[in-house]
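The following paragraphs offer a guided reading of a single protein chain. The reader is invited to keep the sequence and the model in view throughout.

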Amino acid sequence: MDSAHQAPTHIADASKMESEQMKRLGVMTLGAALLLASPAFAAEDTEALAAEARGAVKAFFGNLKGTLVKGLKSGGPAVGVQVCSAAAKGIARNASRQYGGEVGRTSLKVRNPENAPDAWEHLVLQSFDARLAKGEDPKKMEHYEILNDGKTFRYMKAIPTAEKPCLMCHGEKISPEVQKILAEKYPDDKAVGYKAGQIRGAFTLQKALQ
Ligand code: HEC
């Protein structure tokens with residue numbers, strides 16, 4: 001899925017091509033571009049959109065983390081859960097407004113059912129786990145594309161599970177105090193039993209293109 005971001009081999013192949021072939025390819029590409037009905041987005045546009053999405057993720061993550069850390073400091077994990085649960089939606093809404101699209105978090109095992117993945121997100125989350133299994137660093141893992149309709153840009157960035165503080169609320173051994181409050185607020189909680197290094201979920205963004 002990410003072949004576009006692994007350009008080096010393609011470039012090497014292209015440079016080996018006979019010049020006659022290159023010319024024919026050029027004509028074909030031009031023809032294909034002219035046939036596209038909606039505005040054709042070039043690779044640079046996709047890269048600019050990805051850079052913008054990365055900025056939005058950074059701001060969103062900063063706010064979430066700040067809120068979580070403040071909650072944990074003020075009253076430990078139980079208060080952390082309260083604060084997180086009360087603030088997560090508003091923080092996502094603000095981030096979305098700033099981005100001019102939708103900004104949120106999702107996972108294959110959600111705590112809040114409102115964060116459940118749609119079909120596209122589900123596939124990308126599965127591909128992230130497959131990439132992790134092949135040894136890729138989850139900290140840098142992302143996927144983005146302009147959908148086939150040419151009207152929507154979508155971006156996802158993996159969220160790795162750190163030992164601290166994630167495991168106290170998403171790990172295998174959760175204190176009874178935290179378990180109790182999680183059970184009250186999230187009776188259908190699936191986001192437990194994680195180990196450090198696993199992918200907890202992903203940031204997910206989308207934006208309509210003009
Ligand atoms: C104090 C407890 C607590 C800690 C610590 C914590 N989380 Fe969460 N996490 C929550 C709660 C509560 C929610 C549900 C928020 C909501 O209602 O949207 C959540 C939701 C999430 C979600 C959104 C998807 C879902 O399951 O609904 C992701 C992703 C996530 N957490 C990742 C992490 C990561 C990564 C860490 C460590 C950096 C972490 N969390 C630390 C309590 C915690």
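From the N terminus on, the elements of this chain follow the order α-α-α-β-α-β-β-α-α-β. The secondary structure thus comprises six helices and four strands. The model is a predicted one, and its confidence should be considered before its details. The average pLDDT of the chain is 86, and 80% of the residues score at least 70. Over residues 1-18, however, the pLDDT is below 50, and this stretch has four contacts in the model beyond near neighbours in sequence. The pLDDT is also below 50 over residues 30-38, a stretch with three contacts beyond near neighbours in sequence.

Two general figures describe the chain. Of its 210 residues, 23% count as buried. Among contacts between residues at least 6 apart in sequence, 68% join residues at least 24 apart.

The strands may be taken next. Strand 1, residues 102-106, is joined to strand 4 by five bridges, and the two run antiparallel. Within this pairing, E102 has Q206 of strand 4 as its bridge partner. Is strand 1 enclosed by the rest of the structure or exposed? Four of its five residues are buried, so strand 1 is largely enclosed by the rest of the structure.

The other pairing involves strand 2, residues 142-146, and strand 3, residues 152-160, which are antiparallel and share five bridges. Here E142 stands opposite K157 in strand 3. The hairpin formed by strand 2 and strand 3 has five residues between the strands, and in it G150 adopts a positive phi near 75 degrees. As background to this value, most residues other than glycine have a negative phi.

Two loops beside these strands deserve attention. The loop between helix 4 and strand 2 contains D137. With 10 other C-beta atoms within 10 Å, and 12 or fewer being the limit for an exposed residue, D137 is exposed. Its C-alpha atom is separated by 9.8 Å from that of A158, although the two residues are 21 apart along the chain. On the other side of the hairpin, the loop between strand 3 and helix 5 holds P165. K164 and P165 are joined by a cis peptide bond, with omega about -5 degrees. In general, most peptide bonds are trans.

The interior can be approached through the largest nonpolar core, which has 28 residues; of these, A56 and L205 touch the most other members. The elements that give two or more residues to this core are helix 3, helix 4 (119-133), strand 3 and strand 4. Helix 3 supplies the largest share, 12 residues. Leaving aside neighbours within four places in sequence, A56 is in contact with A95, Q98, Y99, V103 and L205.

Finally, the model includes a ligand, surrounded by 24 residues. Which residues are the closest to the ligand? They are G80, N112, C166, C169 and G201. The elements that give two or more residues to the shell are helix 3 (43-99), helix 5 (167-170) and strand 4 (199-208). Helix 3 gives the most, with seven residues. By class, the shell has 13 nonpolar, eight polar and three charged residues. Helix 3 therefore appears in both settings, as it gives the largest share of the core and the most residues to the shell around the ligand.

Terms used:
Residues numbered from 1 in each chain as written. Predicted model: local features only at pLDDT ≥ 70, side-chain atom pairs only at ≥ 80, totals over all residues. pLDDT = per-residue confidence, 0-100. Contact = placed C-beta atoms within 7 Å. Pairing = 2+ DSSP bridges. Near = placed C-beta within 6 Å. Nonpolar A, V, L, I, M, F, W, Y, C, P; charged D, E, K, R; others polar. Core = buried A, V, L, I, M, F, W, Y, C linked by C-beta atoms within 7 Å. Buried ≥ 20, exposed ≤ 12 C-beta atoms within 10 Å, placed from the backbone.
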